[in-house]
Amino acid sequence: MDRDGTLSHEVGYVNHPSRFRLYPWTVDAVRTVNRAGWLAVVVTNQAGIARGYFPPSVLEEVQQSLKDQVAAGGGHLDAVYVCVHHPRLGKPPYRLDCDCRKPRPGLLRQAEAELGADLARSWVVGDRHSDLLLAWNVGARGALVKTGYGRGELQHLAPSWSRPPDLVAENLLEAVEHILARAAP
Ligand SMILES: [Mg+2]
Ligand SMILES: [Zn+2]
């Protein structure tokens, strides 16, 4: 799962924890993933670090808030993986042409290595085309949600995409329900 625009409201750079607000269905969606026995993993680009817009401590606070809110609702995230790099902006070590900036596959490879995620059977749910490309780069499937940038990407950009999303959903909860239904034996 992507973070901004998918789990939480897309507000631009979350440069203060007060700007981070989950959608009302997010915890329910994560719990549904948990109950199905699937791994619930967040993969997010946070180039605001590389750009110097906010320090790593803010990112850590936001990630802790995410985990706490999910836990308070009875769910859990198996991992939150973050790319804090930018290939051209900022200073080292964050200015880096890394392998983890979505749609490059590094964060999902990490989930594969650390959690045993079966990427060929996994889905990436996100609000941007780059989330779909991430999925396809590792042989996973990609679901586009209409929250965040999703509705606009779908309307204005999707006609020029060479491959359509494997699933389009109103939001994360609907995406999860459809994915699990498709995967049911
Ligand atoms: Mg997003
Ligand atoms: Zn990176």
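This report describes the nonpolar cores and the zinc site of a predicted model.

Local features need pLDDT of at least 70 and side-chain atom pairs count only at pLDDT 80 or more, while totals for chains, interfaces and linings use all residues. Residues are numbered from 1 along each chain as its sequence is written, chains are lettered from A and ligands numbered from 1 in the order in which they are written, and side-chain values use heavy atoms, with hydrogens and water left out.

The largest nonpolar core (buried Ala, Val, Leu, Ile, Met, Phe, Trp, Tyr and Cys residues joined through side-chain atoms within 4.5 Å) has 33 residues. Buried means under 20% relative accessible area, with a 1.4 Å probe and protein chains only. Those touching the most other members are Met1, Leu7, Val30, Leu66, Leu77, Val125 and Leu172. The elements below (DSSP runs numbered from the N terminus: helices are H or I of at least four residues, strands E of at least two) each supply at least two residues of this core.

| Element | Residues |
|---|---|
| Helix 1 | 26-35 |
| Helix 2 | 56-72 |
| Strand 3 | 123-126 |
| Strand 4 | 141-145 |
| Strand 5 | 167-169 |
| Helix 6 | 172-183 |

Helix 6 gives the largest share, six residues. A second, separate core of 22 residues includes Cys83, Val124, Leu132 and Ala158.

Cys83 (SG), His85 (ND1), Cys98 (SG) and Cys100 (SG) are the protein donors of the zinc ion (ligand 2), at 2.1 to 2.3 Å; donors are N, O and S atoms within 2.8 Å of the metal (3.2 Å for Na, K and Ca), and since water is not among the atoms, sites may look incomplete. The donor residues are spaced C-x1-H-x12-C-x1-C. His85 and Cys98 both lie in the loop between strand 2 (79-83) and helix 3 (106-115), so the pair ties together parts that are 13 residues apart in sequence. Both residues are buried.

Methods:
Buried < 20%, exposed > 50% of the residue type's maximum accessible area, 1.4 Å probe, protein only.
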